[in-house]
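Let us walk through this protein from its overall make-up to the surroundings of a single side chain.

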Amino acid sequence: MRCMIKLHIPMGFYSDPTICPRLAGTAALNPQFSPGRIIPAFLLAAIFLSACVQAPVENRLIPSWDARKNELTGMETWNLKGRIAVRTNDESGSGSLHWTQRRNEYDLRVIAPFSGGVYELSGTAGTVSLRAPDNSVLQAGDAESLLQQAAGWRLPVSEMVFWIRGLPAPSLQVDRLLLDGENRVSELSQGGWSIRYKRYTGVGGVSMPARLDLENGEVRVRLSVREWNLDR
């Protein structure tokens, strides 16, 4: 059983610029041009469609900084897993980081970059406890002083709960804030710390920081987040 397809092309089709400018231009340069003589009908139709049909342009709405800030501020329950690297004037090292945030409560598990020991921070605003690698438990009013005492280096946990989401810490004056082309923070300076956001990743339709570097002149901290889990 044979099937034949006939394609009827009216006279003047190739020279009419309102139909297809590309074919019209070819016909104008070569009066003897007749695609139907050498090209099968189905190929001619494909050429016509590819020459004259343009793909639609996708318009992606970029949220404003205020809208993005409000959305990130509303994320009060989340957790992340990643890597942390710390460099001081005397030593450097890297380890893993697990962070779980539940509103004002948090659990922070750090495998210390230098000693390799596991430090577990748990606390709320004003009350923080730290379990050191030797299973001793320390308590203080903030995580920064506990880490300084137990591990010998400082991590600004109180501010990082905001910085890690790409937000300025509301308790500190903003000395510098730069946004990228998608209204995400690219550089931030607060409380003597300089934070640079190197990479973002999409998490449930939201751009979340995937790599940020922090520096305060005495210590450099590099955070690489490999997994975000958002509870919204």
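The account below begins with the whole chain and then turns to the core and to one helix.

This is a predicted model, in which local features need pLDDT of at least 70 and side-chain atom pairs count only at pLDDT 80 or more, while totals for chains, interfaces and linings use all residues. Residues are numbered from 1 along each chain as its sequence is written, and side-chain values use heavy atoms, with hydrogens and water left out.

The protein has 6 helices and 11 strands, taken as DSSP runs (H or I, at least four residues, for helices; E, at least two, for strands) and numbered from the N terminus. Of its 232 residues, 34% are buried, that is, under 20% relative accessible area with a 1.4 Å probe, protein chains only.

The largest nonpolar core (buried Ala, Val, Leu, Ile, Met, Phe, Trp, Tyr and Cys residues joined through side-chain atoms within 4.5 Å) has 45 residues, and those with the most contacts inside it include Trp99, Leu121 and Val157. Leaving aside residues up to four places away in sequence, Val157 touches Trp99 and Leu121, among others, where contact means heavy atoms within 4.5 Å.

Helix α4, residues 65-73, has Trp65, Arg68 and Leu72 as its buried residues. Seen down the axis of α4, these fall within an arc of 65° (taken from the directions from the helix axis to the C-beta atoms), so they line one face of the helix. They pack against β7, β8, β9 and β10.

Trp65 has a relative accessible area of 14%, and its contacts beyond four places in sequence include Leu177, Leu179 and Val185. Trp65 and Val185 lie 120 residues apart in sequence, yet 8.8 Å apart in space, C-alpha to C-alpha.

Technical notes: Buried means under 20% relative accessible area, exposed over 50%, partly exposed in between (1.4 Å probe, protein chains only).
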